[in-house]
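Please open the model in your viewer and keep the selection panel at hand. The tour proceeds by selections, with a short account of what is found at each stop.

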Amino acid sequence: MLKNVAAALLLASSLPALAQSPATPPAAPSTAAAAPAAPPKLIVAISVDQFSADLFSEYRQYYTGGLRRLTEQGIVFPRGYQAHAATETCPGHSTILTGSRPSRTGIIANSWYDLTAARADKLVYCAEDETQPGTSSANYQASPVHLKVPTLGGRMKAANPATRVVSVAGKDRAAIMMGGSTADQVWWLGGPQGYVSYKGVATPPLVAKVNEVMAQRLAQPNPGFELPPQCAAKDFPVKAGSLTVGTGRFAREAGDYKAFRVSPEQDAMTLAFAAAAIENMALGRQAQTDIISIGLSATDYIGHAYGTEGTESCIQVDRLDRELGAFFDRLDKDGLDYAVVLTADHGGHDLPERHRLNAMPMEQRVDAALMPKALSAAIAQKTGITGNTLIWGDGPAGDLYFDRGLTAAQRAKVEAATLVLLRAHPQVQTVFTKAEIAATPSPSGPPESWSLIQEARASFDPQRSGDLLLLLKPRVMSIPEAAVMGYVATHGSPWDTDRRVPILFWRKGLTHFEQPLGVETVDILPTLAALIKLPVAKDQIDGRCLDLIAGDGDSCAAQ
């Protein structure tokens with residue numbers, strides 16, 4: 001299926017180098033031309049992990065490359081929403097190309113507990129098949145089995161089997177959730193060995209060559225990136241426990257894969273792979289429309305490791321802009337008729353220690369007493385019910401599950417005690433019971449106006465969600481003082497810092513406009529489906545089509 005290895009290798013090796021200098025700024029939009037009537041030949045769907053609306057707007061005036069093209073020539077929705085409460089990577093990616101919220105996709109979190117699972121490890125990773133023998137949530141077999149709905153690519157392929165559907169990403173859960181269960185090619189960065197796919201999928205020559213290029217690049221040290229002028233004010237150290245962040249340049253020793261992954265180099269490689277796949281598979285050059293989804297994961301790794309407001313994040317956004325510019329220039333050079341959508345799976349929040357230095361003294365880290373293990377022990381002491389773990393959870397916020405071995409009376413006692421303890425805690429905003437969320441109608445209307453329980457309902461699956469949902473107050477970072485896995489910052493809250501993301505569309509011939517009112521990422525699928533004249537029943541999705549034609553005309557007419 002993948003051929004023309006020499007051309008693919010050239011693309012994979014040259015595109016990152018091409019982006020070392022600023023991309024040529026796009027020309028200002030000229031007099032508006034008629035919107036193209038024919039469907040594009042290729043859809044390019046890009047998710048930038050943890051690219052919050054705040055981060056997008058903070059650096060918007062400095063864009064010179066691909067982000068400048070999208071913001072100055074494209075259709076801009078700066079107040080997009082991952083409208084649900086569980087603002088994590090897997091749920092967010094599950095909304096982008098399905099048109100459905102997590103309550104419909106079934107992807108309620110990155111991981112959830114299934115206390116009835118046959119294996120000893122009851123934690124289930126969103127992109128695994130836990131029924132496979134010998135697996136665990138840490139040593140899992142990647143699979144799309146938990147995604148309950150089709151992606152846009154799946155719908156396109158069902159309508160026309162000739163459609164090629166490709167998904168590449170830095171993370172497996174990004175590639176899998178955007179590619180769906182029927183994609184032709186699904187690849188993600190699996191470690192120093194390069195890009196991998198599902199168990200049993202042979203590595204085609206193109207991927208082998210891309211991995212060879214990556215190995216060569218990884219074997220060379222990286223002296224780091226120059227600090228762009230707009231980053232100079234960010235350049236001061238911040239102490240977070242035993243870690244110091246805020247002044248990094250991404251210098252890397254030869255062979256240091258971790259440093260490669262947590263740097264702009266990762267996204268450059270993924271975009272190179274995507275460009276090579278487009279060229280190699282001749283995507284967008286046949287009678288039908290093809291689709292490639294691209295998950296750029298470095299912004300998220302950097303946000304977790306260094307926060308969102310230091311030199312590290314500033315450099316990353318600058319490099320991302322340049323790499324996207326080079327990528328789009330490559331597609332233009334190849335003469336492709338393509339449409340782009342760029343968004344994010346969630347936003348993010350900077351580390352409390354830097355916020356405290358910058359006018360936010362109320363910022364704090366979560367009390368370790370809210371960690372599930374500590375919470376379970378406290379409830380056992382209060383209720384006198386001992387012997388088992390009473391409460392299971394994947395962190396100090398989100399879904400909490402009660403031990404399935406409890407009697408009805410014991411369960412009621414545990415629930416009552418837990419609600420009293422949590423609702424009295426100064427860092428807890430609210431706790432909803434499963435029954436309260438289930439009784440709430442699915443939300444509608446502007447996402448910026450939703451209540452917390454409506455956000456919770458948008459993330460709720462009756463089979464997978466917990467017995468309680470714990471939501472922390474604003475400005476409480478859900479990482480305790482002892483950083484988890486070296487992380488200093490995270491996301492996952494129901495607050496707008498984590499919910500708001502940009503949604504940007506671009507196609508040659510569309511007239512630029514900006515709509516500042518709130519829209520949802522679930523609106524992306526029906527919007528793209530209308531561009532390619534693919535009917536989608538409204539009762540099968542949660543999103544609505546967004547009209548991309550400025551002024552008169554309606555790109556949603558086909559829907």
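**Stop 1: the annotated binding site.** Begin by selecting Asn 110, Lys 171, Asp 172 and Arg 173, which an unreviewed UniProt entry annotates as "binding site". These residues gather at one spot, because no two of their C-alpha atoms are more than 11.9 Å apart although they span 64 residues in sequence. Please bear in mind throughout that the model is predicted.

**Stop 2: Asn 110.** Centre the view on Asn 110, in the loop between α5 (102-105) and β3 (111-113). Is Asn 110 buried or exposed? Its relative accessibility is 15%, and since the cut-off for burial is under 20%, Asn 110 counts as buried. Next, display the contacts of Asn 110 beyond four places in sequence: Glu 88, Thr 89, Cys 90, Pro 91, Val 124, Tyr 125, Cys 126 and Arg 173. Of these, Arg 173 also belongs to the "binding site" annotation in the UniProt entry. For a specific atom pair, select the side chain of Asn 110 and the backbone nitrogen of Cys 90, which lie 2.8 Å apart.

**Stop 3: Lys 171.** Move to Lys 171, located in the loop between β5 (165-169) and α7 (172-179). With a relative accessible area of 4%, Lys 171 is buried. Which residues does Lys 171 touch, if those up to four places away in sequence are not counted? They are Asp 49, Thr 89, Trp 188, Ser 297, Asp 300 and Tyr 301.

**Stop 4: Thr 89.** Thr 89 appears in the contact list of Asn 110 and again in that of Lys 171, and should be selected next. The unreviewed UniProt entry annotates Thr 89 as "active site". Thr 89 lies in helix α4 (residues 89-96) and is buried, at 1% relative accessibility. Show the residues in contact with Thr 89, again leaving out those up to four places away in sequence: Asp 49, Asn 110, Lys 171, Arg 173, Asp 300, Asp 345, His 346 and His 491. Between the side chains of Thr 89 and Asp 345, draw the polar contact of 3.4 Å.

**Stop 5: strand β16.** Now leave the annotated residues and select residues 468-472, strand β16. Five of its five residues are buried, so β16 is largely enclosed by the rest of the structure. In a regular strand, side chains alternate between the two faces of the sheet. Colour Leu 468, Leu 470 and Leu 472 for one side of β16, and Leu 469 and Leu 471 for the other; all are buried, and both faces are covered.

**Stop 6: the partners of β16.** Add strand β14 (residues 398-402), which runs antiparallel to β16 and is joined to it by three bridges. Leu 400 stands opposite Leu 468. Then add strand β15 (residues 428-433), whose antiparallel pairing with β16 extends over five bridges. Here Thr 433 is the bridge partner of Leu 468.

**Stop 7: the whole sheet and its helices.** Widen the selection to the open sheet of four strands, with antiparallel pairing in the order β13-β14-β16-β15. At the edges are β13 (391-393) and β15, each of which pairs on one side only. From one strand to the next, the twist averages 25 degrees. Finally, select helix α15 (residues 408-423), which packs on the sheet and touches β13, β14, β15 and β16, its direction making about 160 degrees with that of β15. Add helix α14 (residues 372-383), which lies across β13 and β14 and runs at about 170 degrees to β13.

Terms used:
Residues are numbered from 1 along each chain as its sequence is written. This is a predicted model: local features need pLDDT of at least 70, side-chain atom pairs count only at pLDDT 80 or more; totals for chains, interfaces and linings use all residues. Side-chain values use heavy atoms; hydrogens and water are left out. UniProt positions are given in the numbering used here, feature names are shortened, and annotations may be inferred rather than shown by experiment. Helices (H or I, at least four residues) and strands (E, at least two) are DSSP runs, numbered from the N terminus. Buried means under 20% relative accessible area, exposed over 50%, partly exposed in between (1.4 Å probe, protein chains only). Contact means heavy atoms within 4.5 Å. A polar contact is a pair of N or O atoms within 3.5 Å; within protein, one must be able to donate a hydrogen and the other to accept it, and residues adjacent in sequence count only if both atoms are side-chain atoms. Two strands pair if DSSP finds at least two bridges between them. Axes are lines fitted to C-alpha atoms, for helices over the stretch in contact, and angles run from 0 to 180 degrees between N-to-C directions.
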